[in-house]
Amino acid sequence: MSLVIVQPKPASFAAGVVAAFGAFFGLFFGTSQGSGILGIIAGAVVCGALAWAAVTFLREKETVGRWLFILIFAISGLVTSGLSGMVFGGLLGWLFGVITFFVASGRYRTAMPPYSTPGQVLWYYAFRTIAGAILVFLITPILVVMPLSFNAEDFFTFTPEMLKFDPAGYSLKHYRDFFTNSDWQQALWNSLRIAPMATILSVGFGTLAAIGLSQPHVPFRRAIMAILISPMIVPLIISAAGMYFFYSRIGLQGTYLGVVLAHAALGIPFVIITVTATLVGFDNSLTRAAANMGANPITTFFRVQMPLILPGVISGGLFAFITSFDEVVVVLFVGSAGQKTLPWQMFIGLREQISPTILAVATILVCISIALLATLELLRRRSERLRGMSPS
Amino acid sequence: MKLTKTLLAGTALALVAGGASAQEMADEMTIVSWGGAYQNSQLKAYVEPYMEMHPEVSVTWDESSAEAVAKLRAMNEAGNITWDLVDVVAADSIRLCDEGLAMEYDPEDLLAEGDDGTSAEDDFGDLLVDDCFIPQIVYSTTFGYRTDLVPEGADAPSEICDIFDLETYPGKRALEKRPINNMEWALLCDGVDKEEVYDVLATPEGQEQALAKLGTIKDDVIWWSAGADTPQLLADGEVFMGSTYNGRLYSVIEEQDQPVGMMWDAQVFDLDGWIIPEGLDEAHLARVKHFVKFATDTQRLADQAQYISYGPARVSSAPLVPEEMKQHMPTDPANSGNTFLYNYEFWADYRDDIDAKFQAWLAQ
C-alpha cells in the first residue's frame, strides 16, 4: 500500500519534458549534419509533438503508444541511414516512449516521499540523468573502438558495409595481425616480462617503506614520504629525462633491468599510499601480542600483519602493474628498441601508420582489464563471505 | 737500431691487430626508420636478404626517425650511442652533419660502384647533399583527392592552384602543419613566377603574401603532422583533397582500393637516406659499413621500388625498376612535368624565422 498519489499529468507537461530530451539528442544529430542549433530546434519540436499526440490520443493504450514510438523512429532511421539507422532509431524510440508515458502517467512520483516538492522531484531525476550522461560520456570512446577493430579495411572508418551490417564489412584480420606479427608479439612479450617484475619490486619496496614510515619513532617521516611519493607528482617527462641521463652514465639505459627499475620507481608511490592507508586501521598491540607469544618479527609480519594489510598490498600492486603496463613516456627514454613494450608499439603505430590493429589490441586489453577487475572483486566477495561479512 | 726495429715491429703488430679487430663485426644492429610501409620496403629489399646471407646478424628496428635529431643529441650528451644506422630526411642529415652527430664518409670508399661501373659519387650525383648523407630514395609531397567527391560538372583537380579554388572544389583540405611547401604553393598560385618563388619568400612582404593566400582557405584546412593522417582523412571522406607523401597515396589507391586520385602538379621532391651516428665502436662500425655497402648498391635500391613507389637514388638503378611501378614513380616523365626540389639552403637559412611567423598566423 503506497501513500503516494499517482496522478496523470497533462499532455503539455509530458510534451515539454520529452521536448527537452529531444533537444539534447537533436544537438548531436544537428552537429553531425552541420548545424547544432537547427538540430536542437528540430529535435525539440518533433519529439515534443510526438509526445503530445501520444499522450492525447493513446493515454490508456500505453503498449500501443510505446510500439508506435519505436516504429516511427526505426522507420525514419531506416530511411535516412539504412539498417544500422533502424537499430539506433528503434533504441531511441524505445527510450522516448518510456519517458513519455513515465512522465504522463505521473508514476515518477512513486520513488519519492509524498511530501517532496516539485523542485526536489526535478533534482532527483536531473541528478540521475546527469550521472547517466557522464557515464555515457566516459564509456562511449571505449565502445566505439570495439566495432571498429573488426573493420575489413585498414582505416579507422565505419565503412558503408559495416553500417549495413554486411558480413563482408567485418573481418578478424587485425586480430590475426596482432597474433602473427612478430613486432606485436615481441612487444607483448616485453610488456609481460617487464610489468610483473616491476610490480614485484614495487610491492616489496613499497610495503616495507610504508611499514617503516608508519612507525612513530622514524625521524623525518614526512620528508622521506614526500621524496618517495615524488615520482607520482613530478611531471613524467622530467623523471624520464632525469632517468635517461642517470641510467646512461651507469650503463642501465637500454637494458631490461633499467626499464624494470624505472617502472618500479613509478609504481612504489601507489603501493606506499594504499598500504599506508590500510596500516592506519592496524592495531599495533597485535604485533606486541605476537612477540609476547615468542614469534620473531619476520613470523609476526607474515602471520599477523601481512594478512591484515593484504587488501592494500594487492590493490597497490595492481596499480603498479597497470602503471608499468600502460607506461609509454619513461620507456621511450630509458628503454631501447629491444625493450619495445605494448604501449610503445601502439604509440608508433598510431603515429606512423593508422592501423586498426591498434584498436584490436585496445579491445583485447579492455577485455583483460575487465576480467582482471572482475576476478579481483569476486575474490574479495568470497573472502568476505568466508569471514562472515556481507559484501557491501 | 734494435730499438727502432722493436718499435717498427711493435707498430706493425699494432697495425695488424687494428686491422684484425676492424674485421671483427658486431652481430647485432639497431636500425632506425619510419615504420609503416616504408620500413617494410627496406626490410624486404635489403635487410632480409642481408640476414639470409649473414644468419649470425640480428636486426632490431626502432621507429624513431621522426625524432632522430633530438634523440641523437641526447645520446651524444649522455655519451651512450645505442643506434647503428639512422634513416633521416636530407634536411635532418644536414643538421646532424653540421652538429657533428653524424659520421662523415668517403663515397668512393663506403659505397659500391654502380653495376654499369660508374663511380658511386657520379651514380648518386647531386643527391649527396652533405658529407654524411647516404641517399636511398627520392620521394615527393603531392596531393590526393577523393574521386567520388569531385563536384558535378567540374573536371577532377589537376593543377596546384585548384587547392585554393574553393568555388569549383568546395570541401576541406589537409595541409602539413609547417610552412615548407605550403608557402611555395601559395606564392605560385598568387601569380609569382616559379623561378622567383624563393626570392620573394626571402622578403617579409613575400612571406606576408604567402600567408595571405593561405588565409583564403584557412577555414577549410585540416592541418596534419604525421604521414598517416592524410590517408586516414581521405579514406574517411573527411577531406576532399590533401597533401602527403606519394608512397602513402600509392598505398591508399593501389593497395587499399580507396576512391582517391593522384595529382602530381607542383610536387616537391625530397630525399631520404641513411646516416651513421658519430661515435660507434669499431665492431659496430664495421658491421654497419658492411651492411650499407650492400644495402645501397644498384640492385638493392631498384628492389626497394618493387615495394613502395619511391624513386631509387642511384641513376644506375632506374632501368631496373619494374615496368608497372614506373608510372607511379614521382620521377616518371609523365608525372614530373612541373616539380620543385626541396630547397635545403633556403630553408636552412629561413626556417626558424618563417616557422615562427607561420605558427603565429595559425594561432590567430
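Me: What separation, taken over C-alpha atoms, lies between the centres of domain 1 of chain A and domain 2 of chain A?

Reply: The centres are 51 Å apart. This is a predicted model, in which local features need pLDDT of at least 70, side-chain atom pairs count only at pLDDT 80 or more, and totals for chains, interfaces and linings use all residues. Residues are numbered from 1 along each chain as its sequence is written, while chains are lettered from A and ligands numbered from 1 in the order in which they are written.

Me: What makes 11–115 and 181–355 the domains of chain A?

Reply: Domain bounds come from an automatic or database domain assignment, and chain A is divided into domain 1 (11–115) and domain 2 (181–355).

Me: Why is helix H10 of chain B called mostly covered?

Reply: A residue is buried if 20 or more other C-beta atoms, placed from the backbone, lie within 10 Å of its own (exposed: 12 or fewer; partly exposed: in between). Seven of the eight residues of H10 (229–236) are buried, so the helix is mostly covered. Among them are B:Pro231, B:Leu233 and B:Leu234. Helices (H or I, at least four residues) and strands (E, at least two) are DSSP runs, numbered from the N terminus.

Me: Which elements do the buried residues of H14(A) pack against?

Reply: They pack against H7, H12, H13 and H15 of chain A together with H2 of chain B. Contact requires C-beta atoms, placed from the backbone, within 7 Å.

Me: How many residues does each chain give to the contact?

Reply: Chain A gives 18 residues and chain B gives 21 residues. Helix H9 (236–249) and H14 of chain A each supply at least two residues of the side of chain A that touches chain B.

How values were computed. Contact = placed C-beta atoms within 7 Å.
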